[in-house]
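Colleague: I am new to this structure. Can we go through it in short questions, one spot at a time?

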Amino acid sequence: GCTGLTEITIPDGITSIGTTMFYECTSLTSITIPDSVTKIEYSAFHGCSSLAVIKIPSNVTEIGNYAFCLCGLRNVSIPDGVISIGEYAFQQCSSLQTVSISKSVSNIPTNAFYNCNNLQAISVDEENSSLCSVNGVLFNKNQTELICFPNSHSDTEYVIPDSVLYIDQAFCGCDKLTSVSIPDGIDSIGFLAFCDCNHLSSIILPSGLKKIGERAFAGCYSLKSITLPDSLISIGEKAFSGCPFTSITLPKTVTNIGIWAFNKCEKMENITILNPECSIWDDADTIPKTAAIHGYPGSTAQAYAEKYSRRFAGIEEEAPEIIASGSRSNLSWTLDSAGTLTLSGSGSMPIIYTDWRDHKDEIRKAVVSDGFTDLVENAFSGCTNLTQIQLPDSLKTIHRNAFTGTAWLEAKRAENPLVTVGGILVDGAAASGAVVIPESVSSIAEYAFSGNAAMTSVTLPETVTAVSYNAFNGCTALKTLDIPASLTSFDAAAVSGCTALSAVNVSADNEKLMSEDGILYNKTKTTLMLFPPDKAEPYTFPDSVRNVSSNAFAENQHLTEITVPAGVKLNGSYIFRNCKNLTKAVLPDDLTDLQSGLFSGCSALTSVNIPAGVTQILWGPFDGCTSLAELTVPKTVTVLGTFWNCCAPDARITILNKNCDLSGFQVQQGVTLGGYPYSTAYDFANANGITFEALASDLPENVIDTGTCGENLTWTLYTDGKLEISGTGWMEDYDNRYSYSPDPKKAPWYARRDHITSVSLPNGLTGIGCGAFAECANLESVQIPSSMREIRTDAFAGCTALTAVKLPDSVGTISEGAFRGCTSLKSVTLPKGLYELGRYAFAECESLTSVKIPGGLENLYDSVFTGCTSLSKFTVDTENRSYVAVGGVLFSKAMDMLYYYPPAKSGTAYQVPKTVRIIREQAFAYCENLTEIQLPDILDWLGDGAFLGCSGLETAELPDSLTEYIGAGIFEGCTALTEVRLPAVIAAIPENMFADCVSLTAMDLPESVTAVGRCAFSGCASLETVTFRNPAFDFGKFREAIESYNGNTNQFAVSGYTGSTAEAYAASSGRTFIPLDSPAVTTTTTAAVTTTTTTTTTAVTTTTLTTAATTTTAVTTTEPAKQEPFRYGLDEWGFINDRDLLGVRDGKKY
C-alpha cells in the first residue's frame, strides 16, 4: 500500500520476495531484483498497476499465486529456471500483450493469465518438455490439454486441434472470439471454459460430449443457439447463464440439470426436455420464467413446471415438423424434418458461420427467399447431402465457399466446369487450358477459380463488370488475363498466388484501364495497378506514374532491385509482398507513409532506406524481411510499431528520435538497438534485455532531452523525473488520447510521460497548452505560477497520481477536460479570478470530495464534475452573482436551474425545488444513493444524461410541463428502475433514454409517440412487452432502438391495435402480437400504473397450451389537454441537435 513508492532496489542476498511485499504499490515503476532471489511469493506485486516492466532473475524457481495480479506489465519473459507458476499469477494484467515461457517451466495452471484482456500470444521454448505453443496458444507438450487461448488472440474463429482431450477455463474472457469448433475427442467441457466470450456466436460441440461444467458458457451474450449432442449427460451450475437462447432442446441422454443452469436467459421462449426422468435442480431460477417447458406428461419437466407455475406443453413421441431454427439481424431460418432449410429476410445477409451448419448433414434442400442481395461466406459449405438449391433473382453477390463440399456443386461441375448462378460465375475449379468465360456471366465470385492449377489463360466477355477479391487465387498455371472494356475496376488481389502470370491485356475500348507491355495501369497511366508476378524484366517507373496500388508487385520472383522516383506515392498495402529475390529498395525522400506490409515477406531484402518525411511506422512494412541487417529510423518518426521477425537475427536498428513512442514496439532477442542515452530506445533495450549501443550526445549527464514548446518557451527533462519549462508566453497546443485530431501532434515529452514525476513552470508562463501533460500518470506535483491566465483543454487529463493542485488567482479560464481523469485528485482550490469552467474540466476525478465555487465564476459549463463519485457537497462564495448552493446542491442564483447534485451526498430521496425549470446535462449522473426523485411541475427542460448511471433509482415521474427538451440517455444505466411516468405529449423517445435499464419489464408508449431514437431500449434485458398506442407508429428504424451493442435484440411481445403498424411489425419480426382492442384484453389506465390482463391460447405440437399472464406496465401516461410537443424541431431520432441547445432564454444562458 505504499502508493508513493516509485522505484526500489532489493539488496543482494535476499532469497524470497514475501507474501504481499509490494501489495498495491500503485506508483511503483521500477524494481531491481538480485540474482539471489529464488521465489516470488503470494501477491508479492499484487496491484502494482504502474509496473510495466520487470526482469525476473534466472535463479527464481517459483512464482506464487497472484504474484503479479493487476500489474501494468506489457511483455513478460519467464526465465530458464522457473519451474512452476501459481494460480492467477498474472490475473487482470490488462496491458500484458505477450508472454515468453522458458524450457524449465513444467507447471502452469489454466487461470495463470485470467482476464489478461490484451494478451495476444504466448510462446514456449522448443526445448520445454512439458509445454508447447502453437500459433500463440498454450498447450501441454503432447497437446492433449489446451491451457490458455490468449484473450486478444488475432484469430476470431478457432478450430481446437483433434489431439485435445480436455479444456477448462482456457477461453474465459476471449471477447474477440466468434466461432469455435471442438473436436470429437473431448467428452467434458470444464469450469468457466468459455465464460464471458461476449462475441462467441457459433460453437460446434463434439458428438461424444458428456458433461458441460459450471459456468462453461455463462455470459456468452451473442450465442443465440446451440445444438446439444445426443451423448450429453450433465449440465452444470450456471452453465448457460445469460445466453440469449430463444429455444433449446435437451436430448434424452441428459440426466441432470444443475442449479441456475439457464439463469438470466431472459429471451428463452421454449425449452424441451426429452428425458422424462431428468433431474432438474429444485430452484425457481434453474429455468427462466419466460420459457414454456416442453416435455412428456408425468415427467420431471411437468412436475417442475407445475411447482413453479410455468407453462407446460406435452409432446408426442413423433418429431416436430421444424427440427431447428434461429435468427440473426435481418435473417431467420428453419430446418424441417424433410431436410429443407429455408432462409428468410432481405438485404445484405449477416455474417454467419455455423448457425444452421450445425445440422449440415441433415440439409438436403436450401431455399433462399427473394429480397436477399448476397449469399454469405460458407453459407452451405460442408453440407454434403445438399442436392437442391433455390436462389432468388434479387441475389447480386455470392461470397467465398458458399457451396464448397456440397453434392449440388459436384453435380453442377459434372454438367459444366464453369458453374454459374444467375449471371454470377461461382466455381471454375475444374476448368483447364485456355478458358473463355461465356457472355451470360456478369461477375466472377470470390475465390471462384481458387486453387485451379490447370487453367493457362482467361478471356473475360464484354458482359463482365466485376471480378471479386481473390477470384483467381492460386491459379499457378495462369499466364495471361484478358480484360474487356466492360470491366472498369480491378484489384491485384484477384490474381494473388498466380505465380505464372506474365501479362494482363486490356481492351483498347476500356475507358478506365489500360495495359502496356503486359503491365496494368489506370487509363491515364498515373497509377500502377499490377506488375505481373512472372514478368521477368526490370521495372522503371514511367514519368506519368504518381500512385502505386495494393499488391502491385506482389509475389514477383524476378525483381531484385527497385527504385521509386520522387513524386510517386506508395498508397497501397502489401505492394512488394513476397518478392523473395528483392535485395535492394530505394524509396524517395518525399515519401511520408510506409503502408501495411509494404515489403512483407521480402526475405532477401538487405538494403532499404526510410525517408526523412516518414512520421510513423506501424503496420509491419518489413514483416518477414529476415535478411535486413541494418536499418536507421529517422528523427521524424514519432511512433514505431512492431519489428518482430522484421530483420536479421543479429540486425542493428538505430532510432534517432529520442522520444519516439515505442509502446507498441517489439523486436526479437539478438537485435541491437542504437540510440541516444536516456532515450525511449535506451529504456526499451534495458527493459527487454536488448543490447544497446549509445550514440554520442551533447547533453549534460543528468538531462534526458530538451527542446522548445512555445515561441519563447523551452523544456528540459531530467533523469530524476523533473520536467522544467523555461521562458515566457503561451505554451503550444498538443493532441492526446482525449481529443482526436486527424493530424495529431503530441507534446515533445509525450513518449517519456511515464518518467515525469514533477513539473516546474516559470513565472511568466501565461497559458498551459492543450494536452500538454495529459496521461503523465506518475506526475505527483506541479506548481502553477502567478502569471498563469488559462489552462487549456485536457492539459492535465489522465494525471492519475496528482493528488492536489493549487491554482493562483490569476487563472481566469480552465478549459474542457483540463483535469479530467485525475483519479487521485482529492482537493483543488479554484482561483478567485476564475470566470469560466469548461465541460468535463474535473470529470472522473473520483477522489474529489468537495468543491467551492469562487465569487467571480460566471460561465459554468455542463458535465464539469461528471463521474466525481466521492463529491459530497458544493459551496459557493457569497459574492458570486451567478450560482448558489443549497444543501450542497449547485443551482443558478435564481434557483431556476439545477447544475449538479453531488453523487456522494447522503440520503436516498430528493425533491427538486419548485422553482427549477431546467435540469442541466448529467446533473444527477452516477448518484447511486438516490432511489427516488421528485421533479417540480414547472420543469420544462431535462438535459442529456440527467440521471445517467443512477443505479439505485427505482421510480421517476416526468411532469407534463416538459415541453421544451427531453435529452438523450436521461435514464441510461438506471439498472434498478422499474417505474417511469412519461409526459403524455412526448413526441419521441430520445436516443439511449432507457438503455441498460435491466429491471424494466414493460413499456407503454402513448399515442403522441411516433418514433423512438437509437438504442432507446438497448440492453433492456427484462423487457417482456411493449405497447404502441399510436396506430401509425414509424417502425422504419425501430431495430436500432432496441438493438444492443453486440447486435442482440430482446424478444419481447408487441401490443397494439389490430391493423396497426405494430401488428405488421410483430408479424415481420416473428414476435407475439397482443391486440389492444381484443375482447380478451382488459385495460385500466390510471395516473401511475397500467395493468393489462391477457388470456392467450397457443398451439404447441399436438397439445394445446393455455396460459393467463398478468403484466404490470412500468412506463405509463395520462391524457391531459392537447399541448405542443416541443418548441424546437426534432430530428429523425426525436432529439435536438447540439447546435440548437446553445442560446439565451429569458435573459439567461442555457
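Colleague: Take Y678 in this predicted model. Is Y678 buried, exposed or partly exposed?
Modeller: The relative accessible area of Y678 is 30%. Buried would need under 20%, and exposed over 50%. Y678 is therefore partly exposed.

Colleague: And what about Y682: buried, exposed or partly exposed?
Modeller: Y682 has a relative accessible area of 26%. The cut-off for buried is under 20%, and for exposed over 50%. So Y682 is partly exposed.

Colleague: How many aromatic pairs does a search of the whole structure find?
Modeller: The search covers the whole structure. The count of aromatic pairs is 56.

Colleague: Which kind of pair do the rings of Y539 and F541 make?
Modeller: A ring pair is described by the distance of the centres and the angle of the planes. For Y539 and F541 the centres are 5.0 Å apart and the planes stand at 75°. An angle over 60 degrees counts as edge-to-face. So the pair of Y539 and F541 is edge-to-face.

Colleague: Which kind do Y678 and Y682 make?
Modeller: Their ring centres are 5.5 Å apart, with the planes at 55°. Stacked needs under 30 degrees and edge-to-face over 60. The angle fits neither, so the pair is tilted.

Colleague: Are Y539 and F541 buried or exposed?
Modeller: Y539 has a relative accessible area of 9%. F541 has 7%. The limit for buried is under 20%, so Y539 and F541 both count as buried.

Colleague: Which residues do ring pairs link into a cluster with Y539 and F541?
Modeller: Y539 and F541 belong to a cluster held together by ring pairs. The other residues of that cluster are F531, F553, F576, F599, F622, F643, F665 and F684.

Colleague: F684 also lies in helix α3 (residues 680–688). How wide an arc do the buried residues of α3 cover around the axis?
Modeller: T680, A681, F684 and A685 are buried in α3. They are on the same side of α3, because the arc they cover around the axis is only 135°.

Colleague: Which strands do the buried residues of α3 pack against?
Modeller: Just after α3, G689 takes a positive phi of about 70°. The buried residues of the helix itself pack against three elements: β51 (652–655), β52 (672–675) and β53 (691–694).

Colleague: Move to strand β42 (residues 519–522). Which residues point the other way from I519 and Y521?
Modeller: In a regular strand the side chains alternate between the two faces of the sheet. I519 and Y521 point one way from β42, and all four residues of the strand are buried. Pointing the other way are L520 and N522.

Colleague: Do β42 and strand β41 (residues 513–516) run parallel or antiparallel?
Modeller: Four bridges join the two strands. L513 stands opposite N522 in β42. The direction is antiparallel.

Colleague: Which residue is the bridge partner of L520 in β43?
Modeller: β42 pairs with strand β43 (residues 527–530) in the antiparallel sense, over two bridges. The partner of L520 is L530.

Colleague: Which residue takes a positive phi in the hairpin of β42 and β43?
Modeller: This hairpin has four residues between the strands. The phi in question is near 60°. The residue is K525.

Colleague: Over which ring does the charged end of K525 sit?
Modeller: The charged end of K525 lies 5.4 Å from the centre of that ring. The ring is that of Y521.

Colleague: What is the strand order in the open sheet of four strands?
Modeller: The pairing is parallel. β80 (1002–1005) and β84 (1073–1075) are the edge strands, each pairing on one side only. The twist averages 15° from one strand to the next. The order is β80-β82-β83-β84.

Colleague: Which residue of β83 stands opposite T1027?
Modeller: Three bridges join strand β82 (residues 1025–1028) to strand β83 (residues 1053–1056). Opposite T1027 in β83 stands S1055.

Colleague: Which helix packs on this sheet?
Modeller: The helix touches β82, β83 and β84. Its direction makes about 160° with that of β83. It is α5 (residues 1061–1069).

Notes. Residues numbered from 1 in each chain as written. Predicted model: local features only at pLDDT ≥ 70, side-chain atom pairs only at ≥ 80, totals over all residues. Heavy atoms only, no water. Buried < 20%, exposed > 50% of the residue type's maximum accessible area, 1.4 Å probe, protein only. Pairing = 2+ DSSP bridges. Phe/Tyr/Trp six-rings, centres within 6.5 Å; stacked < 30°, edge-to-face > 60°. Lys NZ or Arg CZ within 6 Å of the ring centre and 35° of its normal. Arc of directions from axis to C-beta. Contact = heavy atoms within 4.5 Å. Axes fitted to C-alpha atoms, helices over the stretch in contact; angles between N-to-C directions.
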